[in-house]
Amino acid sequence: MKNMAWTLVLFAGICWGSLGLFTKNITILGFSEMEMLFTKMTIDTILLIPILFLKDKKLLCLHNITDIRYFIGTGICSYAFFNWCYMKAILETSLGVAAVLLYTAPAIVMVSSLFLFGEKLTKIKCIVVAITFLGCVFVTGVLGAEKTIYTAKGILFGICSGIGYALYSIFGMFAIKKNYHSLTITFYTFVFAAVFTCFLVNPVQLLQKIIEKNVLFDMVLFSIITALIPYICYTKGLSSMQASQASVIATIEPVVAAMIGILIFQEEISWQKITGMILVLGGVIIPVLSQRNKC
């Protein structure tokens, strides 16, 4: 079960890393990031309803009405908040700087889990978080950039995006400890994210644009691959491992994104990117090997 959990989280990170494959084509057609976010959450909510009914309709029920706070946490405080902050960070700084600040999330999860879930702070965890973060710095190309933009507002938004990104693992772990199924957690995450982002777009105009541009199939595929599948996998994997471990493994995302950029979009390959990929992969593999040695 432990090996399966690692595989699920790793696969989730790979799916998230494929985001660029879809967003580049969709943004060219005139869709904003917030419109894509709302569309993605709405489509995935609709797709999950029959899945939950087929699996067990009781999965739609909350154990206690107060548990709704966990899903407000995963849907609004995490998903919607971190995406909004991430987009603002990109506008205020650059894609590379914003990405690096986003991947402060594993360190935030590690420290938070120490107090919230009683996870032990080990040397290996500290080393792995440091290695993966340094790897993200190299992969995103911040160190090799001729001109890197830094603003106080941009740095603040970037840090907030990392906090929001980390909150999914934290609130998700709380929901798991309340015996919620991974499908239930994923469903209500999408519901609250869709409701929140609904007020930030014009749903009627957005639907008309999707029909006019004939991109419904693209949007559905985009929603399934970059949100539905990875969030189900990540949440399922999270139920069988520590939050800090899951957060580190998911940092495979920028490596996949960089490889897609190089192989598909003919982006420039550099020693910084290669070094970053090796560091991130090392950070993902080290915990797996150390876990096996204990067994």
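Reader: How many cavities of 30 Å³ or more does the structure hold?

Author: This is a predicted model, and it holds 1 cavity of that kind. The volume of the largest cavity is about 110 Å³.

Reader: What makes an empty space like that a cavity and not a pocket?

Author: The test is whether the probe can leave. A 1.4 Å probe fits in a cavity but cannot get out, whereas a pocket is an open set of points. As background, rolling a probe the size of a water molecule over the atoms shows where empty space is left.

Reader: Which residues lie nearest the centre of the largest cavity, and which elements give two or more residues to its lining?

Author: Its lining has 14 residues, and Trp16, Tyr165, Ser169, Tyr234 and Ala250 are the ones nearest the centre. Helix 4, helix 6 (105-116), helix 8 (152-177) and helix 11 each give two or more residues to that lining. The largest share, 3 residues, belongs to helix 8.

Reader: How do the lining residues of this cavity divide into nonpolar, polar and charged?

Author: There are 10 nonpolar and 4 polar residues, with no charged ones. Among the residues nearest the centre is Ser169, which counts as polar because serine is outside both the nonpolar and the charged lists.

Reader: Now for the open space. What is the volume of the largest pocket, and which residues lie nearest its centre?

Author: The largest pocket has a volume of about 1300 Å³. Of the 41 residues that line this pocket, Leu19, Thr23, Tyr86, Ile90 and Leu95 are nearest the centre. Two or more lining residues come from each of helix 1 (2-17), helix 2 (19-28), helix 3 (33-56), helix 4, helix 5, helix 11 (216-238) and helix 13 (252-263). Helix 4 provides the largest share, at 9 residues. By class, the pocket lining has 25 nonpolar, 9 polar and 7 charged residues.

Reader: Leu95 is in that group by the centre. Why is Leu95 called exposed?

Author: The cut-off for exposed is over 50% relative accessible area. Leu95 has 54%, so it counts as exposed. This leucine is found in helix 5. Beyond residues up to four places away in sequence, Leu95 touches Tyr86 and Ile90.

Reader: How does helix 4 pack with helix 5, and which residues meet?

Author: Two packed helices are described by the angle between their axes and the distance between the axes. Here helix 4 (residues 68-92) and helix 5 (residues 95-102) have an angle of about 145°, and their axes are 8 Å apart. Their crossing is right-handed. Phe82, Tyr86, Ala89 and Ile90 from helix 4 meet Leu95, Ala98, Ala99 and Leu102 from helix 5. What makes this contact easy to sum up is its division by class: 8 nonpolar residues, no polar and no charged.

Reader: Which hand does the crossing of helix 3 and helix 9 have, and at what angle do they pack?

Author: That crossing is left-handed. Helix 3 packs with helix 9 (residues 182-198) at about 145°, and the axes are 8 Å apart. Residues that meet include Phe38, Met41 and Leu48 in helix 3 and Phe187, Phe190 and Val191 in helix 9. The classes in this contact are 15 nonpolar, 5 polar and 2 charged residues. Asp44 and Lys55 are among the helix 3 residues that take part, and both count as charged because Asp and Lys are on that list.

Reader: Why is Ile229 called partly exposed?

Author: The class in between runs from 20%, under which a residue is buried, to 50%, over which a residue is exposed. Ile229 has 31%, so it is partly exposed. Its place is in helix 11. Apart from its neighbours within four places in sequence, Ile229 is in contact with Phe11, Cys15 and Ile224. Ile229 and Leu8 are 221 residues apart in sequence, while their C-alpha atoms are 9.8 Å apart.

Reader: What makes the phi of Asn179 and of Asn214 worth a look?

Author: Most residues other than glycine have a negative phi. For Asn179, phi is near 65°, which is positive; for Asn214, phi is near 55°, also a positive value. Asn179 lies in the loop between helix 8 and helix 9, and Asn214 in the loop between helix 10 (203-213) and helix 11.

Reader: Are these two asparagines buried or exposed?

Author: The cut-off is over 50% for exposed. Asn179 has 65%, so it is exposed. Asn214, at 63%, is therefore exposed too.

Key: Residues are numbered from 1 along each chain as its sequence is written. This is a predicted model: local features need pLDDT of at least 70, side-chain atom pairs count only at pLDDT 80 or more; totals for chains, interfaces and linings use all residues. Side-chain values use heavy atoms; hydrogens and water are left out. Axes are lines fitted to C-alpha atoms, for helices over the stretch in contact, and angles run from 0 to 180 degrees between N-to-C directions. Helices (H or I, at least four residues) and strands (E, at least two) are DSSP runs, numbered from the N terminus. A crossing is left-handed if the near helix is turned anticlockwise from the far one by less than a right angle, and right-handed if clockwise. Contact means heavy atoms within 4.5 Å. On a 1 Å grid over the protein atoms alone, a cavity is a set of points where a 1.4 Å probe fits but cannot get out, and a pocket is an open set with protein on both sides within 12 Å along at least five of seven lines; lining residues have an atom within 4 Å of a point. Grid points are joined across faces, edges and corners, and a volume is the space filled by probe spheres set on the points. Buried means under 20% relative accessible area, exposed over 50%, partly exposed in between (1.4 Å probe, protein chains only).
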